[in-house]
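This briefing introduces a protein chain and then looks at one of its helices. Please view the sequence and the structure before reading the points that follow.

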2 protein chains.
Amino acid sequence: MEIYKQEKRQHYLEQHSISHLFSFPIEEFMEVREYKRDEWIIREGMRPDYLYYVIEGKAKIYVTYQNGKISLINFINAHDYIGEMELLHEVYYTKGIQASTKTICFAIPLHQCRKRLLEDTTFLRELTRFLSMKATKMAEKYSQSLSFPLENRLADFILQTADGEVYKEKHVSVCDFLGVSYRHLLHVLVQFCDKGYLQKEGRIYRIQQTDELHRLADVLKNDSF
Amino acid sequence: MEIYKQEKRQHYLEQHSISHLFSFPIEEFMEVREYKRDEWIIREGMRPDYLYYVIEGKAKIYVTYQNGKISLINFINAHDYIGEMELLHEVYYTKGIQASTKTICFAIPLHQCRKRLLEDTTFLRELTRFLSMKATKMAEKYSQSLSFPLENRLADFILQTADGEVYKEKHVSVCDFLGVSYRHLLHVLVQFCDKGYLQKEGRIYRIQQTDELHRLADVLKNDSF
DNA sequence: CCCGAAATATGAGATATCTCATATTATTGT
DNA sequence: ACAATAATATGAGATATCTCATATTTCGGG
């Protein structure tokens, strides 16, 4: 992890200002940090001393179960908070958060700001919105995952993560995220190719029939937002 | 739906006071309402004019998918909010909420209180806590549901809903909630009986080996709180 | 008190998904 | 450049779960 100083720090504070999300001058307290790919931003079980706000990059939330199985729970993207659970709750089992690309974030020290944050209407209103979205998205995902076979969830995932007409996520991450076995993911991908929805080109997949994928993915939409 | 007046209203306002959750006198605006079993508190797609706080009873959140399938998403219990999404977001597709027992709740009129609620630190902090819990619980459920077979989730569900050593939830609701077919739920229940974890007595199941059920259920615990 | 709807129950065959075994191909550290 | 590790690939058999068909029982409304 690298902490930006001087001009570099200034640059990010100005380019990605979040002062409007607070009613007190937060910037003077904030650190600007960069985490490298695969670096742990928060280690599972270790209570963080900072509240983070991601301004660039992607990270993953993991949890380890008693049987040793590790699950990817969700992605974290730009404009997400990290560590808000620990700010709000005295007792909380901290989940592991790992950068999956270079990730730049603001780090707000809790020992200095905790009290003020919890009394700041602007911040609380903002955080409440963020959390309500998160709760709803999770609820949606939950009922989706229970109600539909991989075919539908994968179609949705492909459309969400494709770069133009190119899909190239790592299978290992995907089957983890979608909660299916590697074998089965491959199986369904082959089906998609057989049906002509996708075309495999070496290591990437090219989307051939967006409409068909949409037909599968739309089944699990209910337009909450 | 019945609106309590006079002494009855006063009684509930006093017995279940929530004035400490607000920094302005909210009670004068609040209605006290009773919904009967199966009555809709909020109809899917209809934006509610009130923020509700449940003080007694149980309700269910439903969503209808494009293919017509209706899914039970979650339960609502005493001390939960209803309608907070609509308070926080201008644009939001409202889910259906149906009372599953007689349900008594406070109803706060948004046209009168919206502005003050969104500027009330005490309320916002409280709501933020509530939502963060909700988000985390959903995230947990999500990864659980994906990672483990019904056996584990059912064991957990039985322990959570059992009254003493008696389990007597309706199969139809349960398989809906756990997202499995009726047939399969029965199948696993029979297994539990065969293994001696449960004993069927007419229409109820008596828990015989709590420890064995715990062993199954504990696999999906990670002690977040 | 009777009827129809809802809930419970069970069997049998189909599908979705998992586990394990094994091979080939990238990627990465030294 | 090489070895180790991770990612990709594929087959085959085992399980978990679903769908459909059909019977019986419970329960609320007229």
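**Briefing: helix α1 and its surroundings**

On one side of helix α1 of chain A, the residues A:Glu7, A:Glu14 and A:Gln15 are exposed. The model is a predicted one. The points below take up the other side of this helix and then turn to the chain as a whole.

**The buried side of helix α1**

- Helix α1 of chain A spans residues 6-15, and its buried residues are A:Arg9, A:Tyr12 and A:Leu13.
- Because these buried residues cover an arc of only 100° around the axis, they lie on the same side of α1(A).
- The exposed residues A:Glu7, A:Glu14 and A:Gln15 are found on the other side of α1(A).

**Packing partners of helix α1**

- The buried residues of α1(A) pack against four strands of chain A, namely β1 (2-4), β2 (31-35), β4 (50-56) and β9 (103-109).

**The chain as a whole**

- Chain A contains 8 helices and 12 strands.
- Its C-alpha atoms fill a box of roughly 60 × 35 × 35 Å, taken along the principal axes.
- Chain A has 225 residues, of which 53% count as buried.
- Among contacts between residues of chain A at least 6 apart in sequence, 70% join residues at least 24 apart.

**Surface and charge**

- The accessible surface of chain A comes to about 10600 Å², and carbon and sulfur atoms account for 48% of this area.
- Chain A carries 31 positive and 32 negative charges, and the mean positions of these two sets are 4 Å apart.

Note on methods: Residues are numbered from 1 along each chain as its sequence is written. Chains are lettered from A and ligands numbered from 1 in the order in which they are written. This is a predicted model: local features need pLDDT of at least 70, side-chain atom pairs count only at pLDDT 80 or more; totals for chains, interfaces and linings use all residues. Side-chain values use heavy atoms; hydrogens and water are left out. Helices (H or I, at least four residues) and strands (E, at least two) are DSSP runs, numbered from the N terminus. Buried means under 20% relative accessible area, exposed over 50%, partly exposed in between (1.4 Å probe, protein chains only). Contact means heavy atoms within 4.5 Å. Accessible areas come from the Shrake-Rupley method with a 1.4 Å probe; for residues, only the protein chains shown count as cover. Lys and Arg count as positive and Asp and Glu as negative; His and the chain ends are not counted. The place of a charge is taken as NZ of Lys, CZ of Arg, CG of Asp or CD of Glu. The arc is that of the directions from the helix axis to the C-beta atoms.
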